Amino acid sequence: MTLTEFRDDLGNRWMGGVLDRFSDRARGWIFRTPAPGAMEALLVARCNAIHFCFVTHPLVVAFVDDGGEVLFLTYRDPFGRPAAHPRASAVFEVPLAFVPDGWRPRRIQWRPV
């Protein structure tokens, strides 16, 4: 996992990682609990579908293209149903507690730290 800074077009910022190995992508948030106030996020690279098996907290999920444009935004409860978008090249996942109410970004950018 590569330590990464994420920013949206609304001025919000998170720290986290890009999951680019198969084992990291498969694990994602499984059995991980974000630290309160940590503003953690994950970007699942080369991915257009996600599962919610054993994810223990609600997530907001943005399916993005190569340029970071948000194609589809959804909310998922713990142990919820899978989600997918056919044109997505990556999936940005952030715990619900770390996004403002009504969050609707158009673009998410990331860069290694």
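1. Between which two elements does the loop that holds M39 lie? In this predicted model, M39 sits in the loop that runs between α1 (22–27) and β3 (40–45). The backbone of M39 has a phi near 55°, a positive value in a residue that is not glycine, and a reviewer may wish to look at this position in the structure above. Because its relative accessibility is 30%, M39 counts as partly exposed.

2. A second residue with this kind of backbone angle is F79, which has a positive phi of about 55° although it is not a glycine. F79 belongs to the loop between β6 and β7 (83–84), and, with a relative accessibility of 54%, F79 passes the cut-off of over 50% and so counts as exposed.

3. As to the overall fold, the chain has one helix and nine strands, and read from the N terminus the order of these elements is β-β-α-β-β-β-β-β-β-β. Among the contacts with a separation of 6 or more, 63% are accounted for by residues 24 or more positions apart.

4. On overall dimensions, the radius of gyration of the chain is 12 Å, which agrees with the value near 13 Å that a compact globule of 113 residues would have. The C-alpha trace spans about 30 × 30 × 30 Å along its principal axes, and 44% of the 113 residues count as buried.

5. Turning to surface and charge, the accessible surface of the chain comes to about 6,300 Å², and carbon and sulfur atoms contribute 54% of that area. The chain carries 14 positive and 12 negative charges, and the mean positions of these two sets are 2 Å apart.

6. M15 lies in strand β2 (residues 13–19) and is partly exposed, because its relative accessible area is 26%. Leaving aside residues up to four places away in sequence, the residues that M15 touches include L3, T4, E5 and F6, as well as M39, E40, A41 and V113; the M39 of the opening point is thus one of the contacts of M15. The C-alpha atoms of M15 and E5 are separated by 4.7 Å, although the two residues are 10 residues apart along the chain.

7. Strand β5 (residues 59–64) pairs with strand β6 (residues 70–76) in the antiparallel sense, over six bridges, and within this pairing V61 has T74 of β6 as its bridge partner. The two strands β5 and β6 form a hairpin with five residues between them, and G68 in the turn has a positive phi of about 90°.

Notes:
Residues numbered from 1 in each chain as written. Predicted model: local features only at pLDDT ≥ 70, side-chain atom pairs only at ≥ 80, totals over all residues. Heavy atoms only, no water. Helix = DSSP H or I, 4+ residues; strand = E, 2+ residues; numbered from the N terminus. Rg over C-alpha atoms; globule rule 2.2 N^0.38 Å. Buried < 20%, exposed > 50% of the residue type's maximum accessible area, 1.4 Å probe, protein only. Contact = heavy atoms within 4.5 Å. Areas by Shrake-Rupley, 256 points an atom, 1.4 Å probe, with all protein chains shown as cover. Lys, Arg positive; Asp, Glu negative; His and termini not counted. Charge placed at Lys NZ, Arg CZ, Asp CG, Glu CD. Pairing = 2+ DSSP bridges.
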